[in-house]
Amino acid sequence: MAEGSIEIYESEDRRFPPPPEFAAAALTNDRSLYDEAEADYEAFWARQARELVTWSTDFDTTLEWDLPFSKWFIGGELNVSENCLDRHVDAGKGDKVAYHWEGEPGDTRTITYSELLDDVERFANVMKGLGLEKGDRVAIYMPMIPELPIAMLACTRIGVAHSVIFGGFSPDSITDRCEDAEARLVITADAGYRRGEPSALKPNVDAALSAGAPSVENVVVVDRCGTDPEMVEGRDHWWHEVMADAAADCPAEPMDSEQLLYILYTSGTTAKPKGIMHTTGGYLTQAVFTHKYVFDLKADTDVYWCAADIGWVTGHSYIVYGPLANGCTSVMYEGTPDTPRPEERGDDRASWNKDRLWDIIERYGVTQLYTAPTAIRTFMRWGPEWPAGRDLSTLRVLGTVGEPINPEAWMWYHEHIGAERCPIVDTWWQTETGGHMISPLPGVTTTKPGSGCHPIPGTFAEVVDDDGQVVTEGGGYLTLTRPWPGMLRGIWGDPERYKETYWSTYEGRYFAGDGARVDADGYIWILGRVDDVMNVSGHRISTAEVESALVDHPAVAEAAVVGATDEVTGQAIVGYVILIGSVEASDELREEVRQHVAKKLGPTARPRAVFLVPDLPKTRSGKIMRRLLRNVADGHQLGDTTTLADPGVVAAIREGAAEGDGD
Ligand code: WT7
């Protein structure tokens with residue numbers, strides 16, 4: 001198997017057919033969707049688009065495919081915020097709860113569809129008042145508070161593309177993203193609550209804008225935590241003040257189906273993140289279709305909870321656009337799952353209970369829970385007493401996403417959370433795909449723990465070998481063979497990189513960057529990244545990005561980064577660093593270098609360990625041998641070192657690595 005793969009052990013003996021009582025009660029799912037899509041996938045998607053999405057002008061052409069560029073639902077016009085809000089309010093569902101929102105400190109807000117619509121119209125008017133026009137870009141850097149989806153939906157109402165920047169990212173990342181997209185406005189908050197404390201956001205925006213991004217003219221700031229940030233006269237505006245002054249009505253403007261909806265930056269194999277572009281009609285169709293069928297949604301009665309952050313694509317598609325377009329009730333939670341409400345907190349963090357997540361499920365009667373394997377493994381570690389007597393019987397479907405799930409974690413989810421009653425949907429997809437691509441369908445698919453099973457109806461995947469030949473049983477590379485409505489339309493400002501990254505490895509195929517295996521029954525098992533991209537807690541971080549942050553430190557001459565296997569986070573970042581000649585190695589310096597990465601890229605990218613080494617293992621052509629470093633990091637036996645320029649280097653690194661300790 002190629003480098004970087006994560007071994008998944010197949011469990012042929014464990015199969016979970018859909019529980020009959022569940023299948024009988026299922027609203028929508030049956031095998032006919034597969035048959036229909038197989039027979040004519042364009043007609044299938046056209047039907048979904050017309051049934052699930054409201055168009056102000058019907059489309060005349062379903063698909064224009066000029067490989068690798070696709071256009072979907074050509075000639076159609078629609079507005080995303082109208083699909084997510086107005087049409088439900090017009091249908092008499094204005095009083096239905098859109099979000100049960102819960103802040104980390106325990107404050108709650110219940111937001112109905114008509115309240116959400118009011119705020120979205122107002123904020124769209126605020127943006128118009130700040131001079132924003134259709135086609136402009138806006139950056140959003142916010143905590144998980146209702147104003148975040150409000151800001152996104154307000155953008156879609158007037159045809160402004162948003163670029164949401166995860167709240168854990170650093171000022172540098174904000175500058176880069178604002179510059180790349182030439183954002184005219186930044187929407188932020190003073191801070192958000194995280195692990196019991198306000199975590200500052202506005203000061204990061206200030207730092208980002210004093211370092212660059214001259215296109216940014218205005219900043220709107222939500223007062224979430226009352227931290228009293230500095231406000232720049234003429235540039236910065238309080239959300240509550242501009243909202244109070246804004247007109248109440250803002251009609252939804254019909255947009256072309258291919259109007260840019262948003263940009264979301266994601267890591268690739270180079271240091272520069274890629275601005276993944278999604279457009280309007282196709283993306284919404286993919287999000288609404290998958291949200292409905294993959295979670296077997298009963299929109300009238302379900303209380304659905306995607307416990308991701310909106311800063312990632314999971315939150316875009318499955319907290320905002322999918323659930324709202326389907327008109328269902330969602331839970332939205334600001335904080336971390338192991339932060340109790342204040343009245344339950346002692347001074348000693350170690351004594352904090354692990355009840356929050358289970359309490360939320362019980363209190364709101366959550367029917368679908370969608371989370372990541374890294375979270376599931378964390379819950380497992382909390383100990384068998386959790387979820388401590390909570391009634392989780394409302395749960396119907398459990399989802400997982402972001403990285404390969406090990407069968408043990410799958411089984412734990414199935415038994416301890418799902419009471420062996422809830423189907424598990426292991427959903428493979430990417431920022432680039434916009435929505436689910438490979439997943440079981442509850443009520444239809446017989447699942448195997450750890451397998452994503454099959455492409456969903458209307459999507460087509462094949463595993464190929466090094467030569468691009470289809471593998472019908474065995475390991476290889478995951479490719480997608482036909483365009484799909486939610487596919488990325490390109491990389492912002494870089495069509496060449498788009499072709500090169502996704503469409504040049506295997507002729508006529510989209511290459512996802514993941515390894516996969518097909519078993520004897522035709523089930524797909526995703527093995528993880530095969531390129532130089534790490535997957536840490538389901539977040540993509542490129543080795544090159546972290547390496548360039550490391551060499552940015554004045555004491556660092558050279559750096560190599562690998563993803564080591566980690567029981568909880570999937571992979572953990574390990575850096576090997578050569579210092580410049582005049583600098584003395586020390587533990588303090590090691591720690592400083594580690595923190596430097598967090599400062600440059602944000603805490604998510606902080607290496608678990610940094611080793612100061614005398615040299616790096618390289619091939620004769622000068623390429624760093626990551627496989628060796630990964631083995632050292634994993635504490636494994638070393639592989640073949642005969643192509644090394646200096647085989648002694650690895651021994652020296654191992655000794656250094658044995659002395660250094662990460663955390
Ligand atoms: C990469 C995409 C999809 C939303 C969150 C991540 C890995 C994703 C699975 C899964 C195995 C998975 C892949 C993929 N991945 N879901 N169910 N099983 N691996 O989005 O940041 O764009 O990352 O996450 O490696 O390529 P993303």
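Student: Which residues form one aromatic cluster with Trp-65 and Phe-69?

Tutor: Trp-484, Tyr-498, Tyr-502, Trp-503 and Tyr-510 join those two in one cluster. Keep in mind that this is a predicted model. A search of the whole structure turns up 35 aromatic pairs.

Student: What makes Trp-72 and Phe-73 a tilted pair?

Tutor: Start with the distance: their ring centres are 5.5 Å apart, and the limit for a pair is 6.5 Å. Then the angle: the planes sit at 55°. Stacked needs under 30 degrees and edge-to-face needs over 60, with the rest called tilted, so 55° makes this pair tilted. Both Trp-72 and Phe-73 are buried, by the way.

Student: And why is the pair of Tyr-262 and Tyr-321 called stacked?

Tutor: The ring centres are 6.4 Å apart, and the planes are at 10°. The cut-offs are 6.5 Å for pairing and under 30 degrees for stacking, so this pair counts as stacked.

Student: Where in the chain do these two tyrosines sit?

Tutor: Tyr-262 is in strand β14 (residues 260–266) and Tyr-321 is in helix α11. They are 59 residues apart, so the pair links distant parts of the chain.

Student: How do you know whether Tyr-262 is buried or exposed?

Tutor: Its relative accessible area is 0%. Buried means under 20%, so Tyr-262 is buried. Tyr-321 also comes out at 0%, so Tyr-321 is buried by that cut-off.

Student: What about the helix α11 as a whole, and why is it described as largely enclosed?

Tutor: Of its 13 residues, 13 are buried, so the rest of the structure largely encloses α11. Just after the helix, Gly-327 takes a positive phi of about 65°.

Student: Which elements supply at least two residues of the shell around the ligand?

Tutor: α11 (313–325) does, along with β20 (424–427) and β25 (524–529). There are 18 residues around the ligand, and Asp-426, Thr-427, Thr-431, Asp-514 and Arg-529 come nearest. By class, the shell has six nonpolar, seven polar and five charged residues.

Student: What makes the approach of Asp-514 to the ligand a polar contact?

Tutor: A polar side-chain atom of Asp-514 lies 2.6 Å from a ligand oxygen. The cut-off is 3.5 Å between N or O atoms, so this qualifies as a polar contact. The protein covers 96% of the 550 Å² of accessible area that the ligand has on its own.

Student: How far is Gly-402 from the ligand?

Tutor: A polar backbone atom of Gly-402 is 3.0 Å from a ligand nitrogen. For Pro-404, a backbone N or O atom is 3.4 Å from a nitrogen of the ligand.

Terms used
Residues are numbered from 1 along each chain as its sequence is written. This is a predicted model: local features need pLDDT of at least 70, side-chain atom pairs count only at pLDDT 80 or more; totals for chains, interfaces and linings use all residues. Side-chain values use heavy atoms; hydrogens and water are left out. A residue is near a molecule or strand if one of its heavy atoms lies within 4 Å of it. A polar contact is a pair of N or O atoms within 3.5 Å; within protein, one must be able to donate a hydrogen and the other to accept it, and residues adjacent in sequence count only if both atoms are side-chain atoms. Accessible areas come from the Shrake-Rupley method with a 1.4 Å probe; for residues, only the protein chains shown count as cover. Helices (H or I, at least four residues) and strands (E, at least two) are DSSP runs, numbered from the N terminus. Ala, Val, Leu, Ile, Met, Phe, Trp, Tyr, Cys and Pro count as nonpolar, Asp, Glu, Lys and Arg as charged, and the others, Gly among them, as polar. Buried means under 20% relative accessible area, exposed over 50%, partly exposed in between (1.4 Å probe, protein chains only). Rings of Phe, Tyr and Trp (its six-membered ring) pair if their centres lie within 6.5 Å; planes under 30 degrees apart count as stacked, over 60 as edge-to-face and the rest as tilted.
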